[in-house]
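Reader: I am new to this entry and would like to learn how to read it step by step. Could you take me through its features, giving the general idea before each case?

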2 protein chains.
Amino acid sequence: MTARTRKAQRRTDALSRERIIEAAVELLDAAGEGGLTFRALTERLATGPGAIYWHVANKGELLDAATDDVVAAALAREPAGRPASPQEGVRAVALGLFGAIERHPWLAAQLAGQLSRGPERPVPPRILERFGQQVRELGVPESGWFVAASALMHYVLGAAGQHAANVAYARTLGPDADRAEVLGAVAAAWQGLDPADYPFTRAVADQVRDHDDREQFLAGVDLILAGITA
Amino acid sequence: MTARTRKAQRRTDALSRERIIEAAVELLDAAGEGGLTFRALTERLATGPGAIYWHVANKGELLDAATDDVVAAALAREPAGRPASPQEGVRAVALGLFGAIERHPWLAAQLAGQLSRGPERPVPPRILERFGQQVRELGVPESGWFVAASALMHYVLGAAGQHAANVAYARTLGPDADRAEVLGAVAAAWQGLDPADYPFTRAVADQVRDHDDREQFLAGVDLILAGITA
DNA sequence: ACCTGAACACCGTTCAAGT
DNA sequence: ACCTGAACACCGTTCAAGT
């Protein structure tokens, strides 16, 4: 067994756009956005960069495709039957995205990037559509559709991203840090702020310690639902 | 006048962390996140990279400091007197951030990045605090403080980021594209979606064309305020 | 049509050397 | 204490050449 033997075997099946995107998602999951490089990709796929460029225009397109793939899967994973109510439908979509961002923490920044990079990106309409269909069934007058669906989308993406940050921060504290430790760390960071400048943030630090991220997240969704139907 | 004369003069005043951050913000404003490189920075400041590293740990810290600077300025720019009501206070903070993101479109992705990179980043607590203080004065019971302030923060950052994307997209269409053209372009992009998959998004495309971004933004803030006080 | 891999331009960062 | 600038490792991307 020479040293070279340990390298990835030469691939036998053909390369394809799907296989490349799949490998990109794996790299992103393993090491975050910094983990996705063409060098890592060529090694994992046992090719040269030219082969990848045959299937994908550039790194940006690959990142977009990976984002699109993961979001589409999350939105498709939903319960088979129709939701009991539009409210339940909203919660289901929200939890689907929450879970996707939890499993793929790099998604949060990526989605924010697509959101702030023009209207023709594929992912935002996909998400807006799902929330929007429930908003319509909520009986909201048409003039309020866009604002209601936008509010849901922006809150869900932002709050889920913050949750993912907490989870990632937990890993920093050691591989077996549990929920209490993570929340404790967030609370501790906020308790360390200047009392004169941050009275509110220090006050809520306690709440952050005692509550479950997912519960808080759903409470936020319900708050916006209350605003929509007010 | 030799070719060399056109290069930036050798700096006479001393370098400082503030001057570096200032130059970084200018580069970001001029060319977005890709415009901030140490090479561009050294040329603009007429130094070598080592000089910059004497004042700043690395690029990430510089980006964070630039973000922090701009957000702090936006939150400080507020009206002198106390707001007429907590609701007005929330709108003022929201519009302050909206304006900052409009003037510095790179802020949107940067803020999302800080949000999803752990609780000890300096900027999110700064924003949470401002919304939180108004939430408290709204008479919300303490158990609901965090959710209410988070909902405001996430909506505002997300929606303002999308607005900034629209503005940036407008510049793409030509230097003198006006509001109608921009909104028309967004509407057109959404109208081009598959009618079977995107009935809602296509329906709201018309609203997007006819409404003002700032009005829609404030309507979203009011929606969340309604949910908070429901 | 699909893949190889050397080469290129550019990037963030370091560090021995200067003042 | 503060700054210089050559050098390094690494990155995305290209392209002439192969099959």
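Author: Let us begin with nearness: a residue is near a molecule or strand if one of its heavy atoms lies within 4 Å of it. Of the 18 residues around DNA strand D, those that come nearest are A:Arg39, A:Tyr53, A:Lys59, B:Thr47 and B:His55. This is a predicted model, in which local features need pLDDT of at least 70 and side-chain atom pairs count only at pLDDT 80 or more, while totals for chains, interfaces and linings use all residues. Residues are numbered from 1 along each chain as its sequence is written, chains are lettered from A and ligands numbered from 1 in the order in which they are written, and side-chain values use heavy atoms, with hydrogens and water left out.

Reader: Which parts of DNA strand D, sugar or phosphate or bases, do the atoms within 4 Å of the protein belong to?

Author: Sugar or phosphate accounts for 51% of those atoms of DNA strand D, and bases for the rest. To read individual pairs we use the polar contact, a pair of N or O atoms within 3.5 Å; within protein, one must be able to donate a hydrogen and the other to accept it, and residues adjacent in sequence count only if both atoms are side-chain atoms. On the base side, a polar side-chain atom of A:Arg39 lies 2.7 Å from a base nitrogen of DNA strand D, and a polar backbone atom of B:Gly50 is 3.1 Å from a base oxygen of that strand. On the phosphate side, an N or O atom in the side chain of B:His55 is 2.6 Å from a phosphate oxygen of DNA strand D.

Reader: Which element gives the largest share of the surface near DNA strand D?

Author: Helices (H or I, at least four residues) and strands (E, at least two) are DSSP runs, numbered from the N terminus. The largest share, five residues, comes from H3(B), and the elements that each supply at least two residues are helix H2 (38–45) and helix H3 (49–55) of chain A together with helix H3 (49–55) of chain B.

Reader: What supplies the most to the surface near DNA strand C?

Author: There H3(A) gives the most, with five residues, and among the pairs at that strand a polar side-chain atom of B:Lys59 lies 2.7 Å from a phosphate oxygen of DNA strand C. Another phosphate oxygen pair on DNA strand C involves a polar backbone atom of B:Phe38, at 2.9 Å.

Reader: How can chain B be laid on chain A?

Author: Copies are superposed by least squares on the C-alpha atoms of residues with pLDDT of at least 70 in both. Here a turn of 180° and a shift of 0.0 Å along the axis lay chain B on chain A with an RMSD of 0.0 Å. That is the relation of a two-fold axis. Of the residues of chain B, B:Gly227 comes closest to the rotation axis, its C-alpha at 1.8 Å.

Reader: How many residues does the contact take from chain B and from chain A?

Author: With contact meaning heavy atoms within 4.5 Å, it takes 56 residues from chain B and 57 residues from chain A. Because 100% of the interface residues of chain B are also interface residues in chain A, the copies meet through the same surface.

Reader: What area is buried between chain B and chain A?

Author: The size of an interface is often given as the accessible area lost when the parts come together. Buried area is that loss (1.4 Å probe), summed over both parts, and between chain B and chain A about 4700 Å² is buried, of which carbon and sulfur atoms give 70%. B:Pro119, B:Phe146 and B:Phe200 supply 16% of the area that chain B buries against chain A, more than any other three residues.

Technical notes. Buried area is the accessible area (1.4 Å probe) that two parts lose on being put together, summed over both.
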